[in-house]
Amino acid sequence: MKNTILLCLGLSLILFAGCNNKQKVSGHVTFPDGEAVPGGTLYFTSDSFMGRAAVRADGTFDVTSLKTNDGLPPGTYKVYLVGCYAADDGTVTDDSSPARTMKSTTHKGPNGEKLSDTVALEKPPTPLVHPRFWSAETTPLTFEVPGEKTFDFTVERFPENGK
């Protein structure tokens, strides 16, 4: 029993020490023509750790793991991007759920009362990024920590959105 407790304590200290040895990581995501990827969430996954980063409208990001913008501990990470869609109204969204394919409208009823209707959008949100970048199993992107603190990379457009 004593050995088990000591083993657990030792492993906890190793994990805690690894979490304190993080490197801040930021960067920029673009399409091949240099245009910024305007949204989505990046995931950085290793065998033992995961971080994420919200991609801003200008394509920039800062990696968060346990605390905001705290970076990643040493390791090799697969990097994938999810949730970057063009909505029917021209906006960029990270949501392709069925609820996102509906639109609420308000109008006045025959007696001047406010009425609401929910209508289907003409088309659901369209992915902007090629599917090969949507999962850790298919992405060609990797990142090494320690190493560069800035990770600038290019992703291909979804085939129907190519320019």
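**Exercise 1. Classify the two partners of the salt bridge between Asp62 and Arg56 as buried, partly exposed or exposed.**

Solution. At a relative accessibility of 25%, Asp62 counts as partly exposed. The model is a predicted one, and the classes are set by cut-offs: buried is under 20% relative accessible area, and exposed is over 50%. Arg56, at 39%, is therefore partly exposed too. In the salt bridge that joins Asp62 to Arg56, the closest N and O atoms are 2.9 Å apart.

**Exercise 2. Determine which residues share a salt-bridge network with Asp33, and where Asp33 and Arg157 lie in the chain.**

Solution. Begin with the network: salt bridges with shared partners connect Asp33, Glu35 and Arg157. Next, take one pair from it: Asp33 bonds with Arg157 in a salt bridge whose closest N and O atoms are 3.1 Å apart. Asp33 sits in the loop between β1 and β2, and Arg157 in the segment after β12, so this pair ties together parts 124 residues apart in sequence. Finally, compare the surroundings: Asp33 is partly exposed, with a relative accessible area of 46%, whereas Arg157 counts as buried at 13%.

**Exercise 3. State how many salt bridges the whole structure contains, and describe the one between Asp70 and Lys22.**

Solution. A search of the whole structure yields five salt bridges. In the one between Asp70 and Lys22, the closest N and O atoms are 2.8 Å apart. This pair links distant parts of the chain, 48 residues apart: Asp70 belongs to the loop between β4 and β5, and Lys22 to the loop between α1 (2–20) and β1. Both Asp70 and Lys22 are buried.

**Exercise 4. Identify the strands that pair with β1, and give the sense of each pairing.**

Solution. The chain has one helix and 12 strands; along the sequence, the helix precedes the strands. Strand β1 (residues 26–30) runs antiparallel to β4 (residues 60–62), and three bridges join them. Here His28 has Thr60 of β4 as its bridge partner. With β12, strand β1 pairs in the parallel sense over five bridges, and Val29 has Phe153 of β12 as its bridge partner.

**Exercise 5. Locate Phe153 in the largest nonpolar core, and find which strands supply that core.**

Solution. The largest nonpolar core has 25 residues, and those touching the most other members are Leu42, Phe44, Phe61, Phe153 and Val155. At least two core residues come from each of β2 (41–45), β5 (75–82), β11 (142–145) and β12 (150–154). Of the strands, β5 gives the most, with three residues. Beyond its neighbours within four places in sequence, Phe153 contacts His28, Val29, Thr30, Leu42, Phe61, Val79 and Leu141.

**Exercise 6. Decide whether Gly59 and Thr45 are buried or exposed, and list what each contacts.**

Solution. Gly59 lies in the loop between β3 (50–54) and β4. Its relative accessible area is 0%, so Gly59 is buried. Leaving aside neighbours within four places in sequence, Gly59 contacts Gly27, His28, Val29, Ala36 and Val37. The C-alpha atoms of Gly59 and Pro38 are separated by 5.4 Å, although these residues are 21 apart along the chain.

Thr45, in strand β2, has a relative accessible area of 14% and is therefore buried. Not counting residues up to four places away in sequence, Thr45 touches Met50, Thr76, Tyr77, Lys78, Tyr80 and Ala136.

Definitions and conventions
Residues are numbered from 1 along each chain as its sequence is written. This is a predicted model: local features need pLDDT of at least 70, side-chain atom pairs count only at pLDDT 80 or more; totals for chains, interfaces and linings use all residues. Side-chain values use heavy atoms; hydrogens and water are left out. A nonpolar core is a set of buried Ala, Val, Leu, Ile, Met, Phe, Trp, Tyr and Cys residues joined through side-chain atoms within 4.5 Å. Buried means under 20% relative accessible area, exposed over 50%, partly exposed in between (1.4 Å probe, protein chains only). Helices (H or I, at least four residues) and strands (E, at least two) are DSSP runs, numbered from the N terminus. Contact means heavy atoms within 4.5 Å. Two strands pair if DSSP finds at least two bridges between them. A salt bridge is a side-chain nitrogen of Lys or Arg within 4 Å of a carboxyl oxygen of Asp or Glu.
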